Amino acid sequence: MQFVQTPVNADRTARTRKISVSGIAAAGAIAAALTLVPTQAHAAEHTGTAAAKTASTATTTKTAASAKTYSNNLDGWIRESLDIMKSKGIPGTYEGLHRNIMRESSGNPNAENGWDVNAQNGTPSKGLLQVIQPTFDTYHVAGTANDLTDPVANITAAANYAADRYGSIDNVDSAY
């Protein structure tokens, strides 16, 4: 038996599809909103006054919507650095950072070069992107740790230096 779709059936089918898609989209949006916004009861558990409840709910909502976490590994350090770089106008890509990190330290945040001219002069290159202390001090990016071997601070300072010297970390293909 062959089904022939009449104009009435076609119209009903189209309307049903439209309602179904709209319903699914609305349900998804509501579910997402409910996961981000605490209930009044939840906010009341953590605050004492009505004003504090309102402030707490607003802060929690804003924090939940804007909080970003990064894994404590090379991928997370690169991604966090890229977000900081973007906010500071420092150019660079994941690929450019990863390529240079693998060449310089094989991804070891505690790598230290004890043999090159910098080391012979008392300032060994350290960290993921093998930065020397004077370069780190000059190109350190506010908002990162003031520690040469901190992975995010090391990556971000090195990318800042590379941007100043080469236009971007992406343009670096050898020791810099």
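**Exercise 1. The core**

Find which members of the largest nonpolar core touch the most other members, and work out which helices build that core.

*Solution.* Start with the residues themselves: of the 25 residues in the largest nonpolar core, those touching the most other members are I78, L97, I101, L129 and I155. Keep in mind that you are looking at a predicted model.

Next, move to the helices. At least two residues of this core come from each of helix 4 (74-88), helix 5 (94-105) and helix 8. Helix 8 gives the largest share, eight residues.

Now zoom in on I155. Setting aside residues up to four places away in sequence, I155 touches W77, I78, S81, L97, I101, L128 and L129. As background, nonpolar side chains in soluble globular proteins tend to be buried together.

**Exercise 2. A serine among the contacts**

S81 is one of the residues that I155 touches. Decide whether S81 is buried or exposed, and list what S81 touches.

*Solution.* First, place the residue: S81 sits in helix 4. Then check its accessibility. The relative value for S81 is 0%, and buried means under 20%, so S81 counts as buried.

Finally, look at the contacts. Not counting residues up to four places away in sequence, S81 touches V152, I155 and T156.

**Exercise 3. One helix, two views**

Take helix 5. Compare its span with the expected one, then work out how its buried residues are arranged around the axis.

*Solution.* Begin with the length. Helix 5 has twelve residues, and the distance from its first C-alpha to its last is 16 Å, close to the 16 Å expected at 1.5 Å a residue.

Then pick out the buried positions, which are G96, L97, N100, I101 and S105. Viewed down the axis of helix 5, these buried residues fall within an arc of 125°, so they line one face of the helix. The spacing rule behind this kind of pattern is simple: an α-helix has 3.6 residues a turn, so residues three or four places apart point the same way.

What lies over that face? The cover of the buried residues of helix 5 includes helix 4 and helix 8.

**Exercise 4. Two positive phi angles**

S106 and Q130 both need a second look at the backbone. For S106, give phi and location; do likewise for Q130. Then say how accessible S106 and Q130 are.

*Solution.* Take S106 to begin with. S106 follows helix 5 and lies in the loop between helix 5 and strand 1 (112-113). Its phi is positive, about 55°, although S106 is not a glycine. With a relative accessible area of 57%, S106 is exposed.

Now turn to Q130, which is found in the loop between strand 2 (125-126) and helix 7. Q130 is not a glycine either, yet its phi is positive at about 45°. Here the relative accessible area is 12%, so Q130 is buried.

**Exercise 5. The aromatic pair**

Count the aromatic pairs, then classify the geometry of Y139 and Y161.

*Solution.* The count comes to one aromatic pair. The ring centres of Y139 and Y161 are 5.3 Å apart and the planes meet at 75°, so the pair is edge-to-face. For the cut-offs, centres must lie within 6.5 Å, and planes over 60 degrees apart count as edge-to-face.

Next, trace the two partners along the chain. Y139 is in helix 7 (residues 133-139) and Y161 in helix 8 (residues 151-166), so this pair, 22 residues apart, links distant parts of the chain.

Check burial as well: Y139 counts as buried at 18% relative accessibility, and Y161 is buried at 11%.

Finish with the surroundings of Y139. Leaving aside neighbours within four places in sequence, Y139 is in contact with A157, N160, Y161 and D164. The C-alpha atoms of Y139 and A153, which are 14 residues apart along the chain, are separated by 9.9 Å.

**Exercise 6. The whole chain**

How many helices and strands are there, and what percentage of the residues is buried?

*Solution.* The protein chain has eight helices and two strands. From the N terminus, the order reads α-α-α-α-α-β-α-β-α-α. Buried residues account for 30% of the 176 residues.

For contacts between residues at least 6 apart in sequence, 45% join residues at least 24 apart. As for the surface, the protein chain exposes about 11000 Å², with carbon and sulfur atoms supplying 56% of it.

Note on methods
Residues numbered from 1 in each chain as written. Predicted model: local features only at pLDDT ≥ 70, side-chain atom pairs only at ≥ 80, totals over all residues. Heavy atoms only, no water. Phe/Tyr/Trp six-rings, centres within 6.5 Å; stacked < 30°, edge-to-face > 60°. Helix = DSSP H or I, 4+ residues; strand = E, 2+ residues; numbered from the N terminus. Buried < 20%, exposed > 50% of the residue type's maximum accessible area, 1.4 Å probe, protein only. Core = buried A, V, L, I, M, F, W, Y, C linked by side-chain atoms within 4.5 Å. Contact = heavy atoms within 4.5 Å. Areas by Shrake-Rupley, 256 points an atom, 1.4 Å probe, with all protein chains shown as cover. Expected span 1.5 Å × (residues − 1). Arc of directions from axis to C-beta.
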